[in-house]
Amino acid sequence: MTILAHLAALLLLPIVLVGIINRTRARWSGRKGPPILQGGFDLWRLLKKRPVYSEVTTGIFRLAPLVVLATTFVSGLLVPLVGRAAPLSFALDFVALAYLWALGRALMILAALDTGSPFEGMGASREATWAALAEPGLFLALGTLAAASGHSSFAELLPVQAVTPAAIVVRVGCALTLFLILQLEAARVPIDDPSTHLELTMIHEVMILDHSGPDLAALQYATGLKLTIGAGLIAALLNPLGPGEPAIWVAAVSLGLTFAVAIAIGCVEALTARLQLKAVPTYLVLGSLVGLLALLTAAFDFGARR
Amino acid sequence: MSALVVDPAEHTCRKEAFFERLRAQLSEGARLVGYYGRPADDSGQVVITAVLSANGKLSVLRTGLSRPHSHRALSAELPAFQIFERELHEQYGLRLHEHPWLKPVRSDAPYPFYSLKGKEVHEVAVGPIHAGVIEPGHFRFMCLGEVVHHLEIQLGYQHRGVEALLLKKDPRALGPLVETIAGDTSVAHAWAYCEALEALAGVTTSFEAQVSRAIGLELERIAMHLASLAGMATDIAFLQGGTTYGRLRTTAINSSMLACGSRFGRGWVRPGGAWAKLESGQQATLRANLKLLKDDLAIINPHLLGARSVQHRLKGIGRVTREQAIELGIVGVAARASGIEVDARADLPGPVHLRYGIRGVIENSGDCWARAVVRIREIDESLRWLEEVLDAFPTCSPDAARVGALKPDTLAVAVCEGWRGEVVHCLETDAAGGLRHYKVQDPSLRNWFALALSLRENEISDFPICNKSFDLSYCGNDL
């Protein structure tokens, strides 16, 4: 039952969360906005199309969307999205998540270089740089949680244990770090702008410029999946319900918090301009620093309890 | 808005005297407005005309240059001539030595791009076909990593042969054609054309007609400045700015439609008068629209300028210094953002702007921020001016004067401050009173190079915002 609910969430949330973000943006600018499921209609339209491949590309270009989709989907099985359990759970699964994403990214970068387009080359270079800067933040946040809980799988390290001031600082700090990484991974403002048509400013969008039809659908769906996984992680992290509460309640609160994360992303997009590209590293390092602060708090708390 | 009508023979001198007087006037503080050629009766010659502006007056100097001989380019010492001399070289094969860069302005004749060699150097070619619905133009970036060392711009893809086309019809029926030279500057081009034509015909239009044209011009300015601001906000992903300015632009262009039936001001200005009708009913709606603009701008302007993230994206980006701007002779919004007081409404005022003055807006930092602020302040000033003029003219539906035969062998030059900058039209008649030559100059022609300059040592990802902050016309340049 939980597994079915989890799969349904993996299938639907990528579409719904993007819809919520777009609705939030529309509200802030005085418009009604597209239907919540518009992303789904777009994917359906793309799936019916015949992809177009440039003559200069090789098999890597065709392989990349499949690898990105597969790695992201498997990583989605590791994170508890509804309730406390995930379909796949093993020790140090958060390391698996980080490198599943890295595998997808590596293929994406290779595919972008494969097209020989200078835009895509620039996008690939930016993607590689930012990803390297974001990785410390991800491990600081997840490592801190693992250290604080004494467990190393998502299903065990995320649920709340004791509510102490130190635990709150650790959780909020890690959530902030993950929020910044989510903005990068899902290509959202202020790091990237998914609605721009300006090739020279793009990061993620420019790497998918040459993909079309079902390939493009796979990449867009994978981006939505990353959004879902990131928002789900933050929701599970901030979910205040302890181990004794009924699972259905935990699931409901988690879903609510996931939607809240999407609304928060939408609000940031509506209220701030995008960062200058050269300021992005600073922004990402800031995320890592918050993660470091959480780690120090956890260490201090651990020492004090002894 | 100002027109000059002269007998060109009186201002013609020999080559040596021409260059001497040109240099002398420029060093005494005159500003170069235009510099163009036309074919002479003798095919070995090109007739060169320089249009200058000093102390609120236009003046012309003219000479003939022989085609087979080579001449020393003025651009080597006076960079403001660079685009004009490139045009002369392209149009008449005029041989110029010591010109730093005789790249064709509009033709696709092969001319090598600058190239940069070294480790970490790469070139990015953008266009001529772009993502999104914009005009074609090719941009070649020479980059060191993410930093642009130089940008080379190649245009001409929109060349339609406008100047030749304008000579094929009755000179008094060119209104619809002139309005499409740059479709976003219809009123300014139409007014410059009409002013020059009326000067040639010796017709004086009524003051009311001039007022009506000036209203059309300011509405066009407000609408296009709003469009530029919406574009700038969208380029930096500042959502509320983009949607709000975009919405307000609709109010502004609908106001033009109310008066003349076209949202882009087509048909507002016609030889002899103005077709636009502003009876009391239309004025009431127009005033309501202007009030809406004023009220909403009072909210969105501080919101945009006050946002830290917007300041971060605009301040210090794409800077053109005052010295560079003067040297290059750039005009309009871009020049005023670099601290140069050049505004034909104030410098070369016609009767309307003499009675109802409009204050020029100057910013000094020369960056994208300054170009945004100049637009915002100019909209405020235009709204204030419109209110003053509408108070004085509760109805404004002028009768048109008849435009008769044109004076033979006469040159008329008209300068009109469009939203982008000064629009210059030079019309010259032949001995029979027909049009002998029509020279059109859109402000974009002189400003494109400033965009290239502004990008040096900036990030390549800041190109779109720099480009939008200038908001230049491709078809106005390509003619």
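Q: In this predicted model, helices and strands are DSSP runs, a helix being H or I over at least four residues and a strand E over at least two. How many helices and strands are there in chain A?
A: From the N terminus on, the elements of chain A run α-α-α-α-α-α-α-α-α-α-α. The count for chain A is therefore 11 helices and zero strands.

Q: How does the radius of gyration of chain A compare with the value that the globule rule gives?
A: The C-alpha atoms of chain A fill a box of roughly 65 × 40 × 40 Å along the principal axes. For 306 residues the globule rule gives 19 Å, and chain A is close to this, so it is as compact as a globular protein of that length. The radius of gyration of chain A is 19 Å.

Q: What percentage of the residues in chain A is buried?
A: A residue counts as buried if 20 or more other C-beta atoms lie within 10 Å of its own. Chain A has 306 residues, and the buried share of them is 52%.

Q: Are helices α1 and α2 of chain A parallel or oblique to each other?
A: Helix α1 (residues 2–28) and helix α2 (residues 38–47) of chain A pack with their axes 7 Å apart, at an angle of about 125°. On the α1(A) side the contact is made by I15(A), V18(A) and G19(A), and on the α2(A) side by Q38(A), G39(A) and G40(A). By class, these are two nonpolar, four polar and no charged residues. An angle between 115 and 145 degrees falls outside the parallel, antiparallel and perpendicular ranges, and α1(A) and α2(A) are therefore oblique.

Q: Which helices of chain A each supply at least two residues of the side that touches chain B?
A: In all, 23 residues of chain A are in contact with 24 residues of chain B. By class, the side of chain A that touches chain B has nine nonpolar, seven polar and seven charged residues. The helices that each supply at least two of these residues are α1 and α10 (247–271) of chain A.

Q: Which strands stand at the edges of the open sheet of four strands in chain B?
A: The order of the strands in this sheet of chain B is β1-β12-β13-β14, and the pairing is antiparallel. Neighbouring strands are turned by 10° against each other on average, direction ignored. An edge strand has a single partner strand, so one side of it is left without a neighbour in the sheet. The edge strands are β1 (2–6) and β14 (435–441) of chain B.

Q: What is the bridge partner of E428(B) in β14(B)?
A: Strand β13 (residues 422–429) of chain B pairs with β14(B) in the antiparallel sense over six bridges. In β14(B), the partner of E428(B) is H437(B).

Q: Which helix of chain B lies across β1, β12 and β13 of chain B?
A: This helix runs at about 150° to β12 (411–417) of chain B. It spans residues 186–201 and is α5 of chain B.

Q: Where is the cis peptide bond that has an omega of about 10°?
A: Most peptide bonds are trans. P190(A), a residue of the loop between α7 (165–185) and α8 (204–207) of chain A, takes part in the cis bond. This bond joins V189(A) and P190(A).

Q: Is L479(B) buried or exposed?
A: Phi of L479(B) is near 50°, a positive value in a residue other than glycine. L479(B) lies in the segment after α17 (474–478) of chain B. With 24 other C-beta atoms within 10 Å, L479(B) is buried.

How values were computed:
Residues numbered from 1 in each chain as written. Chains lettered and ligands numbered in written order. Predicted model: local features only at pLDDT ≥ 70, side-chain atom pairs only at ≥ 80, totals over all residues. Axes fitted to C-alpha atoms, helices over the stretch in contact; angles between N-to-C directions. Parallel < 35°, antiparallel > 145°, perpendicular 65-115°, else oblique. Contact = placed C-beta atoms within 7 Å. Nonpolar A, V, L, I, M, F, W, Y, C, P; charged D, E, K, R; others polar. Rg over C-alpha atoms; globule rule 2.2 N^0.38 Å. Buried ≥ 20, exposed ≤ 12 C-beta atoms within 10 Å, placed from the backbone. Pairing = 2+ DSSP bridges.
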